[in-house]
Amino acid sequence: MANELTSKPEEPNPASSGETASSKEPARPRRTKSSSKAATPENGAKPNSKRGRAAGRKVYSESERAQKLSQIQKSTGDGATLKSAIKQAGISEQTYYLWKKAAAPAPQSDDLKDLLALEEENKRLKSLLAQRLRKENAELKKKLGLD
């Protein structure tokens, strides 16, 4: 009997009593689209019409990008810091690095062939220089009588 007094009354199970879920009222009222909170932010700012883009975003053409990159390169060549040159061009640092990466020419297989040819020529010229230096060294030793 003590258990009956301390235990909570059992709530009827809708499945066992034959009630359906649709006849039972929801715990909280559902909001309709018209009663949902307005899409405007609380700070009074206007929402962006384009999702994912900042308001006032400027889209530059390829020629404008190249012009801005050359302007930044010229400014840094004249002694300005990269940060100040980027700010003077009116773009962000992240934009600058993205543009710079996109503008860099992709390495071609011809570049590798050219590099290998230059290395071969470098070896040939080094050995030629070494031969001439040995010959001159031998001639100087003869003249000085160190032989």
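**Close-up views of a predicted helical model**

**Figure 1. The end of helix α4 in the predicted model.** Helix α4 is followed by G90, whose phi is positive, near 85°. G90 also belongs to the lining of the largest pocket.

**Figure 2. The chain as a whole.** The chain holds 6 helices and 0 strands, and its pattern along the sequence reads α-α-α-α-α-α. Of its 147 residues, 7% count as buried. Among contacts in the chain with a separation of 6 or more, 27% are accounted for by residues 24 or more positions apart.

**Figure 3. Helix α3 and its two sides.** Helix α3 spans residues 62–77 and has 16 residues. From its first C-alpha to its last, α3 reaches 22 Å, close to the 22 Å expected at 1.5 Å a residue. The residues K68, L69, I72 and S75 of α3 are buried. Seen down the axis of α3, these buried residues fall within an arc of 125°, so they line one face of the helix. On the other side of α3, the exposed residues are E62, S63, Q67, Q73, K74 and G77. The cover over the buried residues of α3 includes α4 (82–89) and α5 (93–103). After α3 comes G79, with a positive phi near 110°.

**Figure 4. S75 and its contacts.** S75 is placed in helix α3. Its relative accessibility is 13%; buried means under 20%, so S75 counts as buried. Leaving aside neighbours within four places in sequence, S75 is in contact with A80, A85 and Q88. Of these partners, A85 is one of the buried residues of α4, whereas Q88 is exposed on the other side of α4.

**Figure 5. Helix α4 between two sets of residues.** The buried residues of α4 are A85, I86 and A89. Seen down the axis of α4, they fall within an arc of 100°, so they line one face of the helix. These buried residues pack against α3 and α5. On the other side of α4, K83, K87 and Q88 are exposed.

**Figure 6. The largest pocket and its lining.** About 270 Å³ of space lies in the largest pocket. Its lining consists of R57, K58, V59, Y60, R65, G90, I91, S92, T95, L98 and W99. By type, these lining residues divide into 5 nonpolar, 3 polar and 3 charged. Helix α5 gives the most to the lining, with 3 residues.

**Figure 7. T95 in helix α5, with R65.** T95 is placed in helix α5. At 25% relative accessibility, T95 lies between the limits of 20% for buried and 50% for exposed, and therefore counts as partly exposed. Both T95 and R65 are among the residues that line the largest pocket. The two are 30 residues apart along the chain, and their C-alpha atoms are separated by 9.9 Å.

How values were computed: Residues numbered from 1 in each chain as written. Predicted model: local features only at pLDDT ≥ 70, side-chain atom pairs only at ≥ 80, totals over all residues. Heavy atoms only, no water. Helix = DSSP H or I, 4+ residues; strand = E, 2+ residues; numbered from the N terminus. Expected span 1.5 Å × (residues − 1). Buried < 20%, exposed > 50% of the residue type's maximum accessible area, 1.4 Å probe, protein only. Arc of directions from axis to C-beta. Contact = heavy atoms within 4.5 Å. 1 Å grid on protein atoms, 1.4 Å probe; cavity = no way out; pocket = protein on both sides within 12 Å on 5 of 7 lines; lining within 4 Å. Points joined across faces, edges and corners; volume = space filled by probe spheres on them. Nonpolar A, V, L, I, M, F, W, Y, C, P; charged D, E, K, R; others polar.
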